[in-house]
Amino acid sequence: MALLLMGAQAKVRLPHVLGDNMILQQNTEARLWGWAKPGKTVMVTTSWNDAAYSVKADKGGQWMVKVKTPAASYQPLSITFNDGEPLTLNNILAGEVWVCAGQSNMEMPVKGFGNCPVEGYNEAVVTANDYRGVHFVKIPSVMSTKPLNDANCHWEVVSPNTVGEASATGYFFAQVVNKALDVPVGLIMANKGGTRVESWFTKENIEKYTNDPTDSLEIVKRWPQWDYHRSLLWGNGTFNPILNYTVKGILYYQGCSNVGDPGDQYSQRMKILADQWRQQFGLGEIPFYFVEIAPYHYDNVDADNGARLREQQYKASLLIPNSGLVCTNDLAYPYETTQIHPAQKKPVGQRLAFLALNKTYGMGTVGCLSPSYKDMKVTDDYVDIHLNNDLGAISRFEDIQGFEVAGDDRVFHPAKAVHFWQPGGGYWDETIRISSPEVKKPVAVRYCFKNFQLGNLKNAAGLPLFPFRTDNW
């Protein structure tokens, strides 16, 4: 509260996302910005090198300056802003900064939601002090008809008293990155439960790529009760305030509210969103790592509308450069068919971290890619399947669950799947042989291509096989 009052009284005013305890992206030119009297000169001084930067507020009172940041460390830093009345921010660290975006499964805190627990909550609380240098800021989830440039928020230092409020997926990501790289990690949590991908589009992208309204009255008419489905407003109010912040990358977990989207509409719009955010941040092709929606009944466990959305997410991972997709097919318990917020968030965060460590930070020894369907060959009454990214091993030889096979009648039957090595090209291929006594002439194979179906096939890194289908029915 003292900082908020000080910021209100000082002539220099900062956005709330710039505050005590913030993490600055290391080894870069980090943007700092705010407001002052039009034409007033603001001096910005950084403690780590005593550098002084001078910037003049424009006719609207806005100013921005870029400061060179040091290498990551746990040494507290400070920044002073002065236009005649100094304002100093303290306990700043240099480290790695990631945005946690999306809907409720990203928003879900370590302490869980009502009737939606997070597995490992107590462990996260009692071990919080082991992860020094992990800080987070939660951007309030608000709607706005116009892009907002500030949000009422503040940075928290992770401790047993505060960790429960952090995004569970984001925090478990930060745990791994913090320990693997031994650097502070900052999480900017800008998300809203129930939102569609279109909820984060700009007005220009909504008008160009969708049939959604952009007039506020029409938006409310379209979604009178489920406000979280509204286009434009959430991006304006919840995401726009962070766009000047200098970040390393974006973590995104969303998709449940787009189940039922036709064709490849969702995959195309995911790419539009990734392109939009990269353009808005102005930091180049920053990493965009996102999460497959978890198994859920969607009113019928055996239907495939949820599976088709997952298929679109996989296609989006191929469309979006410098991206990666986390598979969650194994991260629901059999009793969670009607639980839209499954309890296993720690593996989700860890798998996002594996992508970042390998693809962003160059730790090539970290396995980060789930296996995916590569090709198939039909021989008599069985099908041989090969996979991408098995990383040198299939995790189980027996009791492989989740495969189905169909003939020309397009009726799928549960299939027996066995692992064996198939000679070819001077080496031995990892092969999955699939068959069913009900299908004498197979033409198509599916793996966990249902709303709720748990598979158990993984690669050498323990990462699960992406659900897939070989047909286009």
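I took a disulfide to be a pair of cysteine sulfur atoms within 2.5 Å. The model I searched is a predicted one.

**Entry 1: cysteines**

How many disulfides does a search of the whole structure find? I found zero. I then asked why C100 has no bond to its closest cysteine. The closest cysteine sulfur belongs to C153, and it is 14 Å from the sulfur of C100, so the gap is too far for a bond. I checked C256 as well. Its sulfur has C116 as the closest cysteine partner, 12 Å away, and that is also too far for a bond.

Are C100 and C256 buried or exposed? C100 has 0% relative accessibility, so I noted C100 as buried. C256 has a relative accessible area of 15%, and C256 is buried too.

**Entry 2: I188 in a strand**

C100 turned up again when I looked at I188, since C100 is among the contacts of I188. I located I188 in strand β10, which covers residues 185-191. I188 has 0% relative accessibility and therefore counts as buried.

Which residues does I188 touch, leaving aside neighbours within four places in sequence? I listed V97, W98, V99 and C100. I added V137, I139 and W155. I242, Y245 and V247 complete the list.

I also took a distance from I188 to G260. They are 72 residues apart in sequence and 30 Å apart in space, C-alpha to C-alpha.

**Entry 3: V259 in a loop**

Next I looked up V259. V259 sits in the loop between β11 (249-253) and α8. How far apart are V259 and L309 in sequence and in space? I read 50 residues along the sequence, but 5.6 Å from C-alpha to C-alpha. L309 is also one of the residues V259 touches. The others on that list are I293, Y298, N305 and G306, with residues up to four places away in sequence not counted.

**Entry 4: helices α8 and α9**

Two packed helices are described by the angle between their axes and the distance between the axes. I looked up both values for α8 (residues 265-281) and α9 (residues 305-319). The angle is about 40°, and the axes are 8 Å apart. Angles under 35 degrees count as roughly parallel, and 65 to 115 as roughly perpendicular. The pair α8 and α9 is therefore oblique. I noted the crossing of α8 past α9 as right-handed.

Which residues make the contact? From α8 I wrote down Q265, Y266, S267, Q268, M270 and K271. From α9 I wrote down L309, Q312, Q313, K315, A316 and L319. Sorted by class, this contact holds five nonpolar, five polar and two charged residues.

**Entry 5: helices α4 and α10**

I did the same for α4 (residues 168-181) and α10 (residues 346-360). Their angle is about 45°, and their axes are 7 Å apart. That angle makes α4 oblique to α10. This crossing is right-handed.

On the α4 side I found T169, F172, F173, Q175, V176, V177, A180 and L181. On the α10 side I found K346, V348, G349, Q350, L352, A353, F354, A356 and L357. By class I recorded twelve nonpolar, four polar and one charged residue in the contact of α4 with α10.

**Entry 6: two glutamines in loops**

I picked Q26 and Q453. Q26 lies in the loop between β1 (23-25) and β2 (29-35). Is Q26 buried or exposed? Q26 is buried, at 17% relative accessible area. Beyond four places in sequence, Q26 touches T69, P70, A71, A72, A94, G95 and E96.

Q453 lies in the loop between β20 (444-447) and β21 (468-469). Its relative accessible area is 16%, so Q453 is buried. I listed P295, N329, G402, E404 and C448 as its contacts, not counting residues up to four places away in sequence.

**Entry 7: positive phi**

Most residues other than glycine have a negative phi. I looked up L391 and D399 for their phi values. What is phi of L391? I read a value near 55°, which is positive in a residue other than glycine. Phi of D399 is near 55° too, again a positive value in a residue other than glycine.

Where are they? L391 is in the loop between β15 (382-388) and β16 (403-406). D399 is also in the loop between β15 and β16. L391 has a relative accessible area of 42%, so I recorded L391 as partly exposed.

Methods
Residues are numbered from 1 along each chain as its sequence is written. This is a predicted model: local features need pLDDT of at least 70, side-chain atom pairs count only at pLDDT 80 or more; totals for chains, interfaces and linings use all residues. Side-chain values use heavy atoms; hydrogens and water are left out. Axes are lines fitted to C-alpha atoms, for helices over the stretch in contact, and angles run from 0 to 180 degrees between N-to-C directions. Helices (H or I, at least four residues) and strands (E, at least two) are DSSP runs, numbered from the N terminus. Angles under 35 degrees count as roughly parallel, over 145 as roughly antiparallel, 65 to 115 as roughly perpendicular and the rest as oblique. A crossing is left-handed if the near helix is turned anticlockwise from the far one by less than a right angle, and right-handed if clockwise. Contact means heavy atoms within 4.5 Å. Ala, Val, Leu, Ile, Met, Phe, Trp, Tyr, Cys and Pro count as nonpolar, Asp, Glu, Lys and Arg as charged, and the others, Gly among them, as polar. Buried means under 20% relative accessible area, exposed over 50%, partly exposed in between (1.4 Å probe, protein chains only).
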